[in-house]
Amino acid sequence: MNATPSSNDLILQVEHLSMKFGGLVAIGDLSFQARRGEITALIGPNGAGKTTVFNCITGFYKPTEGMITLNRNDGSTYLLERLPNHEIPARAKVARTFQNIRLFSGMTLLENLLVAQHNKLMKASGYTLLGLFGFPSYRQASAESIELARHWLEKADLVDRADDPAGDLPYGAQRRLEIARAMCTGPELLCLDEPAAGLNPKESAALNELLMGIKSTGTSILLIEHDMSVVMQISDHVVVLEYGRKISDGNPASVRTDPRVIAAYLGVDDEEVETVLTEVGDEDVIEQLDTGPDSAHGPGNSASMMAGPVSDSVEHANEGERVTVSKGASKAAQVDARATSIASKPQSAAKSGTAKAAPDKPAAKAPAAKAGTASKGKDTAAKPTAGKRGGRK
Ligand SMILES: Nc1ncnc2c1ncn2[C@@H]1O[C@H](COP(=O)(O)OP(=O)(O)O)[C@@H](O)[C@H]1O
Ligand SMILES: [Mg+2]
């Protein structure tokens, strides 16, 4: 996962993406990559900016800044922030589902999947009435569409209900139908916004199976998910956001034990960070957190004390931009602040010796590895000419 992949291996490259709504920075200087044929999960607390990232990738929003490159399997490349949004599914082969189910509830399951193939059918009809009078290419396309719909109904374990109205399905089955519908458009990148939300464990397991089946066909998946059982079981790669900035990026095992992720994602208090770390068994991290800030460098032991008196700010690497949040809101920033304080204290390094020197420990502990800076530095090194670029035309 850590080897630098060539752009051939990458289906998606997001570089220096920013999205602002007035004064609110929903995404700040975000860079990450998704590899071809893998499941990449985008996780983070509510309001972290996950859906906004999807909206930028799928053309619902034009980003304020940044570059989103989609490398198709045939070698063609699309700059999604420049593509008209209706061309993103058809030309770049990106499909998505929404956080809230959007099905035609009065239509049958089969009809829902045929509507998704409307463009293909219209093209085959020559955009004329000939289709209705049995134009051969239309008949052929129509048969293929039904076959594709049947295929995905089977994969989603819904074929028995093909003629029922979609609105009659249980919630978990509706979620799978949405995914089947997206697959009927033949995507190379499938973006799923919280597909496991509200599912019971059985439905969640059925979803995992469907997603693994999709992955086995070679389709790459970008997954926003809160359900950690889904994320940890099926993801190859996890990117974690907090307040629109990336705080961790790696395989599920490394992200799971990253103290910034534990603090930010689980939303635990300062004191509870250590408890959670004990639970995940990262002793080196615990030892570092045990070493409180030097009194000469700060007013007290709590990392929150390092924030301003009234409110905190979350820094984006982007031109020193800051987002004001409620005091102590960014748990990841608190962990960073502690790590900075520890690293600036020479005797603490001597005390914990091997733990500090270990090069393979989570980068969160080194001040230079502050999430935004670290990701930007890495990306710049990998691609020196990749500059920021306005997303709007
Ligand atoms: N269209 C919009 N206009 C204004 N603010 C928005 C809009 N879309 C999202 N936001 C804000 O951007 C932030 C990130 O939202 P979102 O991407 O939906 O988060 P997530 O999906 O991680 O829960 C939130 O503060 C949200 O209120
Ligand atoms: Mg969302």
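## The opening hairpin

Strand 1 (residues 10-21) and strand 2 are joined by eight bridges in the antiparallel sense, and in this pairing V14 faces F32 of strand 2. The model in which these features are found is a predicted one. The two strands make a hairpin with two residues between them, and G22, which sits in the turn, has a positive phi of about 60 degrees.

Strand 2 is mostly covered, since ten of its twelve residues are counted as buried. Strand 2 also returns below, where the surroundings of ligand 1 are described.

## The chain as a whole

The chain holds 16 helices and twelve strands. Of its 393 residues, 42% are buried. When contacts between residues at least 6 apart in sequence are considered, 67% of them join residues that are at least 24 apart.

## The six-stranded sheet

An open sheet is formed by six strands in the order 6-7-8-3-9-10, with mixed pairing. Strand 6 (94-96) and strand 10 (245-250) are at the edges, where each has a single partner strand, and therefore one side of each is left without a neighbour in the sheet. From one strand to the next, the twist averages 15 degrees.

Several of the pairings can be followed strand by strand. Strand 7 (residues 189-193) runs parallel to strand 8 (residues 220-224), with five bridges between them, and L190 is placed opposite I221 of strand 8. Strand 8 is in turn joined to strand 3 by four bridges, again in the parallel sense, and I221 is the bridge partner of I39 in this pairing. I221 of strand 8 thus has L190 opposite it as well as I39 for a bridge partner. Strand 3 is also paired with strand 9, in the parallel sense and over four bridges, with I43 opposite V240 of strand 9.

## Strand 3 and its two faces

How many residues of strand 3 are buried? Five of the five are, so strand 3 is largely enclosed by the rest of the structure. In a regular strand the side chains alternate between the two faces of the sheet. For strand 3, the residues on one side are I39, A41 and I43 and those on the other are T40 and L42, and because all of them are buried, both faces are covered.

## Helices lying across the sheet

Helix 1 (residues 50-57) lies across strand 3 (39-43), strand 6, strand 7, strand 8 and strand 9 (237-242), and its direction makes an angle of about 145 degrees with strand 7. Helix 7 (residues 201-216) lies across strand 3, strand 7 and strand 8, running at about 150 degrees to strand 8. Strand 3, strand 7 and strand 8 are thus among the strands crossed by helix 1, and helix 7 lies across them as well.

Helix 1 is mostly covered, with seven of its eight residues buried; the residues in question are K50, T52, V53, F54, N55, C56 and I57. Just after helix 1 comes G59, which adopts a positive phi of about 85 degrees.

## The surroundings of ligand 1

The shell around ligand 1 consists of F21, L24, A26, G44, N46, G47, A48, G49, K50, T51 and T52. Strand 2 (24-35) and helix 1 are the elements that contribute two or more residues to this shell, and the largest share, three residues, is that of helix 1. Sorted by class, the shell contains four nonpolar, six polar and one charged residues. K50 and T52, which belong to the shell, are also among the buried residues of helix 1.

## Two sites outside the sheet

Two further residues illustrate other levels of exposure. N200 is located in the loop between strand 7 and helix 7, and because it has 11 C-beta neighbours inside 10 Å, N200 is classed as exposed. In sequence N200 is 28 residues from G172, while their C-alpha atoms are 7.8 Å apart in space.

S142 is located in helix 5 (residues 136-155). Because S142 has 19 C-beta neighbours inside 10 Å, it is classed as partly exposed, a residue being counted as buried if 20 or more such atoms lie within that distance. S142 is separated from Q117 by 25 residues in sequence and by 9.2 Å in space, C-alpha to C-alpha.

How values were computed: Residues numbered from 1 in each chain as written. Chains lettered and ligands numbered in written order. Predicted model: local features only at pLDDT ≥ 70, side-chain atom pairs only at ≥ 80, totals over all residues. Pairing = 2+ DSSP bridges. Axes fitted to C-alpha atoms, helices over the stretch in contact; angles between N-to-C directions. Contact = placed C-beta atoms within 7 Å. Near = placed C-beta within 6 Å. Nonpolar A, V, L, I, M, F, W, Y, C, P; charged D, E, K, R; others polar.
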